[in-house]
Amino acid sequence: MSEWLAIGALAVVAVAIPVSMMVVSWLIRPSVPEQGKRATYESGEVPTGSSYDLKFNIQYYMVALLFVVFDVEILFIVPWTVVFEEAVGEVGFARAFVPMVVFVGLLVVGLAWAWRKGAVRWIKSPTAQRQRIE
């Protein structure tokens, strides 16, 4: 029962500290409402036009997806490298190594496909090209 008591106490502390910090901050901060604070803020730029008119470049999403794929790859590879030597001793080299080679091979095939389709090549705007030439 003492383990559950310790977990409960830890949960109470984990909730109490951030909540108390926010309450104290709310009580002592100055309140100066002004129009500039309520304006929409987009990465330091003043937004222009409607959000429905904006067209985002698909490259941003492709880069994000590729990042997630290779980030997840690292989540699988690092633990595998930690237990690899022990796994070789228990099941043999081929049974420990071949599944990871297949996994990495599939990711390399996916990267090659994305590269061939131009997903990793950044498209430059005509304005940027003109500025670079000048």
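What share of the 134 residues in the protein chain is buried? Here are some friendly notes to help you find your way around.

1. Please keep in mind that this is a predicted model. To answer the opening question, buried residues account for 7% of the 134 residues in the protein chain. The accessible surface of the chain is about 12200 Å², and carbon and sulfur atoms hold 69% of that area.

2. On secondary structure, the protein chain has 5 helices and 0 strands. Reading from the N terminus, you will meet the elements in the order α-α-α-α-α.

3. Next, contacts along the sequence. Taking the contacts between residues at least 6 apart in sequence, 61% of them link residues at least 24 apart.

4. A good place to look on the outside is a nonpolar surface patch of about 850 Å². Its members are V15, V19, M22, V23, V24, W26, L27 and I28. One of them, V24, sits in helix α1, which covers residues 2–28. V24 counts as partly exposed because its relative accessibility is 46%, a value between the 20% and 50% cut-offs.

5. For a view of the inside, turn to Q59 in helix α3, which spans residues 58–91. Is Q59 buried or exposed? With a relative accessible area of 4%, Q59 is buried, since buried means under 20%.

6. While you are at Q59, look across to W122. The two residues are 63 apart in sequence, yet 6.9 Å separates Q59 and W122 from C-alpha to C-alpha.

How values were computed
Residues numbered from 1 in each chain as written. Predicted model: local features only at pLDDT ≥ 70, side-chain atom pairs only at ≥ 80, totals over all residues. Heavy atoms only, no water. Patch = residues over 30% accessible without salt bridge, like charges linked within 9 Å, V, L, I, M, F, W, Y side chains within 5 Å. Areas by Shrake-Rupley, 256 points an atom, 1.4 Å probe, with all protein chains shown as cover. Salt bridge = Lys/Arg side-chain N within 4 Å of Asp/Glu carboxyl O. Helix = DSSP H or I, 4+ residues; strand = E, 2+ residues; numbered from the N terminus. Buried < 20%, exposed > 50% of the residue type's maximum accessible area, 1.4 Å probe, protein only. Contact = heavy atoms within 4.5 Å.
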